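Please open the structure in your viewer and keep the selection tool at hand. The tour below moves from the whole chain to single residues, one selection at a time.

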Amino acid sequence: MAIRIFIDQGHNPQNPNAGAEGNGVREQDITYDVGVRLAALLNANPNFEARLSRNSPDEQLGTSTTTSLQARVYGANSWRADYFISLHANASTISTASGSEAYVYSLSSIATDMAHLILDGLNYMTGLQNRGVFARPTLYVLRATSMPAVLVEMGYITNPGDAYLMTYDPESFARGIYNGILTYYGLL
Ligand SMILES: [Zn+2]
């Protein structure tokens with residue numbers, strides 16, 4: 001049986017639940033693009049089967065932020081995914097803030113191992129700083145999913161260098177996350 005990875009591309013194309021913006025870039029466009037690329041890498045590997053939360057660039061999930069998040073969790077739970085990976089880009093009022101970080105429901109969960117390996121993979125492929133793994137038990141997609149879940153903040157959309165990399169080299173972000181998943185399952 002293939003390992004089922006549910007990839008949640010954070011945010012909707014439009015409000016409700018649109019993403020952050022910075023440097024002329026929209027978070028929801030970056031998460032959509034990296035998600036499609038990550039799903040393609042996983043689905044080309046017979047060990048995995050991947051599904052996306054957003055299957056076209058203009059697909060809106062839900063009619064409020066709450067129902068948008070519920071739709072993503074329902075997609076993963078009803079499919080009985082083995083892992084839930086939510087893709088996001090960070091934002092800060094400090095434009096020099098840079099790098100990748102990841103959130104899990106609890107640091108004592110096995111998702112913490114996956115999160116560290118994803119950040120190692122991202123750092124290797126993109127050169128962005130690994131800012132570490134943090135517990136965020138209040139995040140809906142982390143607490144409502146019935147499988148281990150990792151939310152990845154791939155880089156800062158408010159940092160010109162990070163935003164440029166995510167826009168013009170999304171494949172490196174997809175491949176970095178993919179390599180982290182392969183390492184987690186002992187396949188790399
Ligand atoms: Zn986000």
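What follows is a walk through the chain in several stops, each beginning with something to select.

**The whole chain**

Begin with everything displayed as a cartoon, and keep in mind throughout that this is a predicted model. The chain has 6 helices and 8 strands, and if you trace these elements along the sequence you will meet them in the pattern β-β-β-α-β-α-β-β-α-β-α-β-α-α. Along the principal axes, the C-alpha atoms fill a box of roughly 45 × 40 × 30 Å. A compact globule of 188 residues would have a radius of gyration near 16 Å, and the value for this chain, 15 Å, agrees with that.

Now switch on the surface, which comes to about 8,300 Å² of accessible area, with 51% of it belonging to carbon and sulfur atoms. Of the 188 residues in the chain, 51% are buried. If you colour the charged side chains, you will find 11 positive and 16 negative ones, and the centres of these two sets lie 6 Å apart. Among the contacts in the chain with a separation of 6 or more, 78% are between residues that are 24 or more positions apart.

**Strand β5**

Hide the surface and select residues 83–90, which form strand β5. Is this strand enclosed by the rest of the structure, or is it open? Since 8 of its 8 residues are buried, strand β5 is largely enclosed by the rest of the structure.

Show the side chains of the strand and look at the two directions in which they point. In a regular strand the side chains alternate between the two faces of the sheet. Here Tyr83, Ile85, Leu87 and Ala89 point one way from β5, while Phe84, Ser86, His88 and Asn90 point the other way, and all of them are buried.

Next add the strands that pair with β5. Strand β1, residues 3–9, runs parallel to β5 and is joined to it by 5 bridges; to see one pairing, select Asp8, whose bridge partner in β5 is Ser86. Strand β8, residues 149–156, also pairs with β5 in the parallel sense, over 6 bridges, and here you can select Phe84 and find Ala149 of β8 standing opposite.

**Strand β8 and Glu153**

Keep β8 selected and turn to its own surroundings. In β8, too, 8 of the 8 residues are buried, so this strand is largely enclosed by the rest of the structure. Strand β6, residues 100–104, pairs with β8 in the antiparallel sense over 3 bridges, and the bridge partner of Ala102 in β8 is Val152.

Now pick out Glu153, which is found in strand β8. With a relative accessible area of 10%, Glu153 is buried. Which residues does Glu153 touch, not counting those up to four places away in sequence? They are His88, Ala89, Asn90, Gly99, Ser100, Glu101 and Tyr103. As a further landmark, draw a distance from Glu153 to Ser172, which is 19 residues apart from it in sequence and 14 Å apart in space, C-alpha to C-alpha.

**The loop between β1 and β2**

Move to the loop between β1 and β2 and select His11, which lies there. Although His11 is not a glycine, it has a positive phi of about 80 degrees, and at 15% relative accessibility it counts as buried.

Further along, select Asn15 and Pro16 together, and look at the peptide bond joining them, which is cis, with omega about 5 degrees. Pro16 has its place in the loop between β1 and β2, and so does Asn17. Asn17 likewise is not a glycine and yet has a positive phi, of about 70 degrees, and at 8% relative accessibility it counts as buried.

**Helix α6 and Pro170**

For the last stop, select residues 170–184, which make up helix α6, and find Pro170 within it. At 5% relative accessibility, Pro170 counts as buried. Leaving out residues up to four places away in sequence, Pro170 touches Asp33, Val34, Arg37 and Leu165. To link this stop with the previous one, draw a distance between Pro170 and Pro16, which are 154 residues apart in sequence and 25 Å apart in space, C-alpha to C-alpha.

Key. Residues are numbered from 1 along each chain as its sequence is written. Side-chain values use heavy atoms; hydrogens and water are left out. Helices (H or I, at least four residues) and strands (E, at least two) are DSSP runs, numbered from the N terminus. The radius of gyration is taken over C-alpha atoms; the globule rule is 2.2 Å times the number of residues to the power 0.38. Buried means under 20% relative accessible area, exposed over 50%, partly exposed in between (1.4 Å probe, protein chains only). Contact means heavy atoms within 4.5 Å. Accessible areas come from the Shrake-Rupley method with a 1.4 Å probe; for residues, only the protein chains shown count as cover. Lys and Arg count as positive and Asp and Glu as negative; His and the chain ends are not counted. The place of a charge is taken as NZ of Lys, CZ of Arg, CG of Asp or CD of Glu. Two strands pair if DSSP finds at least two bridges between them.
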